[in-house]
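Here's a quick walk through one protein chain, heading by heading. Have the viewer open and follow along.

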Amino acid sequence: MFLALSACLFSSCQGEPGKPGRDGRDGRDGRDCVMQTVLIDVPVDSWNYSNLDNNNYFYATVDMPEITEQVFKNGLIKMYRVYGDIDKKDAAQLEMPYVRPKEFQYDNGNWGFYTETVDYDFGIGRMTIYYTASDFDYELDLDFVPEAMQFRCVVEY
């Protein structure tokens with residue numbers, strides 16, 4: 001009896017195939033989605049200092065003709081910080097915005113700690129990337145400028 005029950009449970013039933021379903025839409029208005037990837041390099045000399053009361057940060061604005069009005073209103077923008085050479089096996093990417101704990105050593109040997117935040121905003125034809133350190137130590141170290149950074153921007157619409 002156990003064998004008969006097992007045969008019924010583990011066998012498949014077949015019958016007449018059903019009618020095919022309706023074709024789905026590929027995307028908005030039946031068009032396929034378009035995706036572009038843009039590498040953005042921000043050299044050290046591209047960082048600007050905000051110098052605002054109680055809200056100091058660095059920023060770099062880059063031209064992004066890929067962000068059209070259509071993309072701005074209906075698209076999707078994703079940003080990643082690239083570490084290393086993107087074409088090499090040891091490269092890494094970190095999705096933005098990101099927050100990273102950091103440490104540094106003072107001249108007297110003591111250690112200091114802060115949190116580095118990198119985020120962005122965009123508009124039609126432009127992207128602005130922001131760098132903020134939680135200790136706002138830039139006022140004490142007037143020579144500080146964020147390091148050169150590379151980003152990968154994915155534009156979908």
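## A proline between two strands

P97 sits in the loop that links β5 (92–95) to β6 (98–105). Which form does the peptide bond from M96 to P97 take, cis or trans? That bond is cis, with omega near 0 degrees.

## How far to trust the model

Keep in mind that this is a predicted model. Mean pLDDT for the protein is 84, and 78% of the residues score at least 70. Which elements mark the two ends of the confidence range? At the bottom is helix α1 (residues 2–10), with the lowest mean pLDDT of any element, 53. At the top is strand β3 (residues 58–64), whose mean of 97 is the highest. Where pLDDT is low, the predicted coordinates should not be read in detail.

## The five-stranded sheet

Let's get the strand order down. Five strands make an open sheet, running β2-β3-β8-β7-β6, and the pairing is antiparallel. β2 (48–49) and β6 are the edge strands, each pairing on one side only.

Now for the pairings around β8 (residues 125–133). Seven bridges tie β8 to β3 in the antiparallel sense, and in that pairing T61 faces T128 of β8. With strand β7 (residues 111–123), β8 pairs over eight bridges, also in the antiparallel sense; here T117 stands opposite T132 of β8. How many residues lie between β7 and β8 in their hairpin? Just one residue separates the two strands.

## The nonpolar core

The largest nonpolar core has 26 residues. Those touching the most other members are I40, M64, I77, M79, M127, I129 and F151. Strands β1 (35–42), β3, β4 (76–83), β6, β7, β8 and β9 (149–156) each put at least two residues into this core.

M64 is a good one to click on. Leaving aside residues up to four places away in sequence, M64 touches V38, I40, G125, R126, M127, C153 and V155. One of these, I40, is also on the list of core residues with the most contacts to other members.

## A148 and Q150

These two residues make a handy pair to look at. A148 belongs to the loop between β8 and β9, while Q150 is part of strand β9 itself. Is Q150 buried or exposed? Q150 counts as buried because its relative accessible area is 17%, under the 20% cut-off. A148, on the other hand, is partly exposed because its relative accessible area is 46%, which falls between the 20% and 50% limits.

Beyond residues up to four places away in sequence, A148 touches V42, P43, V44 and R81. The C-alpha atoms of A148 and S46 are 8.6 Å apart, though 102 residues separate the two along the chain. Q150 has a list of its own, with the same sequence neighbours left out: L39, I40, D41, Y80, R81, V82, G84 and I86. What joins the side chains of Q150 and D41? A polar contact of 2.9 Å does.

Notes: Residues numbered from 1 in each chain as written. Predicted model: local features only at pLDDT ≥ 70, side-chain atom pairs only at ≥ 80, totals over all residues. Heavy atoms only, no water. Helix = DSSP H or I, 4+ residues; strand = E, 2+ residues; numbered from the N terminus. pLDDT = per-residue confidence, 0-100. Pairing = 2+ DSSP bridges. Core = buried A, V, L, I, M, F, W, Y, C linked by side-chain atoms within 4.5 Å. Buried < 20%, exposed > 50% of the residue type's maximum accessible area, 1.4 Å probe, protein only. Contact = heavy atoms within 4.5 Å. Polar contact = N/O pair within 3.5 Å; in protein donor to acceptor, adjacent residues only side chain to side chain.
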